[in-house]
Amino acid sequence: MTLRPAGSGVLLLCSDGLWNYLPDAQDLAAVTLQTIERGTGSLTAAAALTAVALDAGGGDNITVVVIPIIVRSPT
């Protein structure tokens, strides 16, 4: 699959081990962006999302990947 984002942002890939406990896209974005905005990076954001799933019961495998996307305008 090819992804060509229109602007900068964050790509979140996750398994149902997270999605089952945090199924709302806005909630996922809130946790992810709050962590990244503190300047702690993608790995910490993935760990924070994993912690949410574990704290909620974590009964399934939890896979989380957070990829920052930076789109630069052509110069």
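## A walk through the chain

Let's start at Ser15, a residue in the loop that connects β1 (9–14) to α1 (16–19). Keep in mind as you look around that this is a predicted model. Ser15 has a relative accessible area of 18%, and because buried means under 20%, Ser15 counts as buried. Which residues does Ser15 touch, leaving aside those up to four places away in sequence? They are Asn61, Ile62 and Thr63. With Asn61 there is also a polar approach to look at: a polar atom of the Ser15 side chain lies 3.2 Å from the backbone oxygen of Asn61.

Two places along the sequence, you reach Gly17 in helix α1. Gly17 is buried, and its relative accessible area is 0%. Its contacts, again without residues up to four places away in sequence, are Ala53, Asp60, Asn61 and Ile62. Asn61 and Ile62 are therefore on the contact lists of both residues, Ser15 and Gly17. For a sense of distance, try Ile36: it is 19 residues from Gly17 in sequence, and the two C-alpha atoms are 21 Å apart in space.

Now step back to the whole chain. It has three helices and two strands, arranged along the sequence as β-α-α-α-β. The C-alpha trace spans about 50 × 30 × 20 Å along its principal axes. Of the contacts between residues at least 6 apart in sequence, 65% join residues at least 24 apart. You can pick out one such separation yourself: Ala56 and Tyr21 are 35 residues apart in sequence, yet 6.5 Å apart in space, C-alpha to C-alpha. Ala56 sits in the loop between α3 and β2 and is partly exposed, with a relative accessible area of 45%.

What lies inside? In soluble globular proteins, nonpolar side chains tend to be buried together. Here, the largest nonpolar core has 10 residues: Leu18, Leu22, Leu28, Val31, Ala45, Ala46, Leu49, Ala53, Val64 and Val66. The elements that contribute two or more residues to this core are α2 (25–37), α3 (41–55) and β2. Which element gives the largest share of this core? That is α3, with four residues. Leu28 is a good place to zoom in, as it touches Leu12, Leu18, Trp19, Leu22 and Leu49, not counting residues up to four places away in sequence. Over the chain as a whole, buried residues make up 20% of the 75 residues.

From here, follow helix α2 to Thr35. Is Thr35 buried or exposed? Thr35 is buried, at 2% relative accessibility. Beyond residues up to four places away in sequence, Thr35 touches Thr40, Gly41, Thr44, Ala45 and Ala48. One of these, Ala45, is also a member of the largest nonpolar core. Another, Gly41, lies in helix α3 and touches Thr35 and Ile36 under the same sequence limit of four places. Gly41 is partly exposed, with a relative accessible area of 27%.

Gly41 also gives you a route to the second strand. Its C-alpha atom is 9.5 Å from that of Ile67, although the two residues are 26 apart in sequence. Ile67 belongs to strand β2 (residues 64–69) and is partly exposed, with a relative accessible area of 32%. Together with Leu13 and Val65, Ile67 forms a nonpolar patch on the surface, with about 210 Å² of accessible area among the three. For the chain, the accessible surface comes to about 5200 Å², and 56% of this belongs to carbon and sulfur atoms.

The last stop is Val71, in the segment after β2. Val71 is partly exposed, at 36% relative accessible area. Where does this residue make its contacts, setting aside residues up to four places away in sequence? Val71 touches Pro5, Gly7 and Ser8. The C-alpha atoms of Val71 and Ala6 are separated by 7.6 Å, with their positions 65 residues apart along the chain.

Notes
Residues numbered from 1 in each chain as written. Predicted model: local features only at pLDDT ≥ 70, side-chain atom pairs only at ≥ 80, totals over all residues. Heavy atoms only, no water. Buried < 20%, exposed > 50% of the residue type's maximum accessible area, 1.4 Å probe, protein only. Polar contact = N/O pair within 3.5 Å; in protein donor to acceptor, adjacent residues only side chain to side chain. Contact = heavy atoms within 4.5 Å. Areas by Shrake-Rupley, 256 points an atom, 1.4 Å probe, with all protein chains shown as cover. Patch = residues over 30% accessible without salt bridge, like charges linked within 9 Å, V, L, I, M, F, W, Y side chains within 5 Å. Salt bridge = Lys/Arg side-chain N within 4 Å of Asp/Glu carboxyl O. Core = buried A, V, L, I, M, F, W, Y, C linked by side-chain atoms within 4.5 Å.
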